[in-house]
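How do you know that a label on a structure is earned? Put the value next to the rule, then conclude.

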Amino acid sequence: MGDLSWGIAGTGTIALVLGRQIQAEPGMRVAAVGSRTKERAQGIAAELGAGRGYGSYAEMIADPDVDVVYVATPPTQHRPIIELAAAAGKAVLCEKPFAADAESAAAMIETARAAGIFVMEAMWLRFDPLVRRLVDLVADGILGDVHSVHATFGRIIAPTPTERLWDASRGGGCLLDFAVYPLSLGQLVLGEPSRVRASGVMTDSGVDTEVGLLLDYPAGRRGLYEASMVSPLSNTAAVCGTVQRAELGAPLFLPPHLTVKAGHGSTATVYERGFEPNGYVGELREVVRCLDLGLTETPLMPLADTVSCLQVIDHVRRDLSGRVGNSSE
Ligand SMILES: NC(=O)c1ccc[n+]([C@@H]2O[C@H](COP(=O)([O-])OP(=O)(O)OC[C@H]3O[C@@H](n4cnc5c(N)ncnc54)[C@H](OP(=O)(O)O)[C@@H]3O)[C@@H](O)[C@H]2O)c1
């Protein structure tokens with residue numbers, strides 16, 4: 001395969017971050033940007049050195065030079081773009097959370113499968129080399145039997161009138177934007193939960209601002225997760241086994257190191273990030289690998305996991321609705 005040409009849908013924060021990573025990565029380039037506003041598309045296209053900026057996502061997707069569509073709009077706006085890409089037979093990398101709820105996600109996956117296109121949730125955590133190493137350590141039994149995963153993700157998001165995270169109609173809230181990371185990590189290590197309990201705060205306008213989650217997994221294992229958009233949480237993770245504990249250092253979105261130790265006073269083994277690429281680069285390379293192999297889905301971020309994670313979020317959101325400050329089960 002020659003250079004992979006990307007088309008970006010959206011011109012917000014992450015569109016620019018990932019667009020720069022694409023341009024920096026050998027063997028790929030941004031060919032076009034699509035926006036609801038042509039001027040914005042052209043502005044971001046110029047900033048990224050991309051050829052064209054279109055005033056609609058449909059025009060960008062129809063560009064014959066675009067091989068892969070990167071969806072970087074709010075979660076409530078992912079579905080129509082995936083439908084357009086499927087109709088055009090183009091591969092898709094879709095930002096997390098894949099959709100605003102599990103039902104939409106399942107419908108989007110069905111559309112993609114019917115069209116035979118490749119589709120993947122841009123859950124960078126699954127492609128970070130230190131997280132991959134952690135998964136290997138677990139599989140090799142280095143930690144012993146894993147009994148629990150602890151993870152937090154939170155930072156203060158100022159409630160301005162234009163802030164997406166404070167707007168329920170655009171998929172705001174800490175569950176969809178932040179809790180997905182601890183949940184995805186727990187799912188990676190422990191599998192599917194058998195029971196979900198939560199404590200959290202939901203505003204009158206339907207935005208979940210902070211949440212504590214206790215998930216049971218088979219064989220008495222558990223996940224303890226916290227997400228917040230009103231507190232700067234530690235943004236770390238620990239996977240605890242019967243022999244050793246592995247810790248991903250802050251910030252969880254780019255852990256500088258993975259530390260493995262038996263307990264206080266014991267000698268730690270530290271895996272440094274060094275020159276290893278981040279999760280964004282990892283996910284871009286995984287798209288290339290899968291397309292080269294003719295896959296329509298990556299085994300590293302299965303679509304079933306994408307849906308199941310959203311089912312947990314749906315469950316918690318439903319239970320917290322109208323129960324400000326209450327816990328749910
Ligand atoms: N992977 C990560 O590290 C990471 C980090 C942050 C966010 N995200 C995810 O990426 C997605 C976008 O997040 P973001 O922070 O980049 O959002 P953002 O800054 O608000 O940008 C979203 C873009 O989507 C387009 N859009 C389409 N419909 C929209 C609507 N109704 N309201 C607002 N914008 C709309 C807009 O571009 P045009 O108007 O130009 O079309 C806007 O610039 C979300 O799913 C989020 O969870 C991922």
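The questions below test the labels given to this predicted model.

Q: What makes Thr11 a residue that surrounds the ligand?
A: The cut-off is a heavy atom within 4 Å of the molecule. Thr11 is among the closest of the 24 residues around the ligand, along with Ser35, Arg40, Tyr57 and Tyr280. Thr11 therefore counts as near the ligand.

Q: How do you know that arginine 40 makes a polar contact with the ligand?
A: An N or O atom in the side chain of arginine 40 is 2.5 Å from an oxygen atom of the ligand. The limit for a polar contact is 3.5 Å between N or O atoms. The pair is within the limit, so the name fits.

Q: Why does the contact of arginine 36 with the ligand count as polar?
A: A polar side-chain atom of arginine 36 lies 2.8 Å from an oxygen atom of the ligand. That is within 3.5 Å, so the pair counts.

Q: How do you know that aspartate 177 passes the polar test with the ligand?
A: A polar side-chain atom of aspartate 177 lies 3.2 Å from a ligand oxygen. The limit is 3.5 Å, so this pair passes too.

Q: How much of the accessible area of the ligand does the protein cover?
A: On its own, the ligand has 880 Å² of accessible area. The protein covers 84% of that area.

Q: What kinds of residues form the shell around the ligand, and which helices supply at least two of them?
A: The shell divides into nine nonpolar, eight polar and seven charged residues. Helix H1 (13–24) and helix H7 (174–190) each supply at least two.

Q: Why is the ligand said to sit in the largest pocket?
A: The rule asks for more than half of the atoms of a molecule within 2 Å of the grid points of the pocket. The ligand is placed in the largest pocket, so it meets that rule.

Q: What is the largest pocket like?
A: About 1,200 Å³ of space lies in it. The lining has 38 residues, and the closest to the pocket centre are Gly12, Thr13, Ile14, Ala72 and Arg164. H1, helix H4 (78–88), H7 and helix H8 (279–293) give two or more residues each to this lining. By class, the lining has 18 nonpolar, 11 polar and nine charged residues.

Q: What makes a space a cavity rather than a pocket?
A: In a cavity, a 1.4 Å probe fits but cannot get out, whereas a pocket is open. Two cavities of 30 Å³ or more are counted here.

Q: How do you know that the largest cavity belongs in that count?
A: Its volume is about 60 Å³. The count takes cavities of 30 Å³ or more. Its lining includes Leu183, Leu215, Tyr217 and Val312. H7, strand S9 (208–217) and helix H9 (303–320) give two or more residues each.

Q: What is the volume of the second largest cavity, and which element gives the most to its lining?
A: The volume is about 40 Å³. H9 gives the most, with three residues. Pro97, Met123 and Cys309 are among the lining residues. The lining has six nonpolar, two polar and one charged residues.

Q: What makes the bond before proline 97 stand out?
A: Most peptide bonds are trans. The bond from lysine 96 to proline 97 is cis, with omega near -20 degrees. Proline 97 is in the loop between strand S5 (91–95) and helix H5 (102–115).

Q: Where is proline 251, and what is the form of the bond before it?
A: Proline 251 is in the loop between strand S12 (245–248) and strand S13 (257–261). The bond from alanine 250 is cis, with omega near -5 degrees.

Q: What makes the phi of alanine 219 worth a look?
A: Most residues other than glycine have a negative phi. Alanine 219 has a positive phi, near 65 degrees. Alanine 219 lies in the loop between S9 and strand S10 (221–228).

Terms used: Residues numbered from 1 in each chain as written. Predicted model: local features only at pLDDT ≥ 70, side-chain atom pairs only at ≥ 80, totals over all residues. Heavy atoms only, no water. Polar contact = N/O pair within 3.5 Å; in protein donor to acceptor, adjacent residues only side chain to side chain. Areas by Shrake-Rupley, 256 points an atom, 1.4 Å probe, with all protein chains shown as cover. 1 Å grid on protein atoms, 1.4 Å probe; cavity = no way out; pocket = protein on both sides within 12 Å on 5 of 7 lines; lining within 4 Å. Helix = DSSP H or I, 4+ residues; strand = E, 2+ residues; numbered from the N terminus. Nonpolar A, V, L, I, M, F, W, Y, C, P; charged D, E, K, R; others polar. Points joined across faces, edges and corners; volume = space filled by probe spheres on them.
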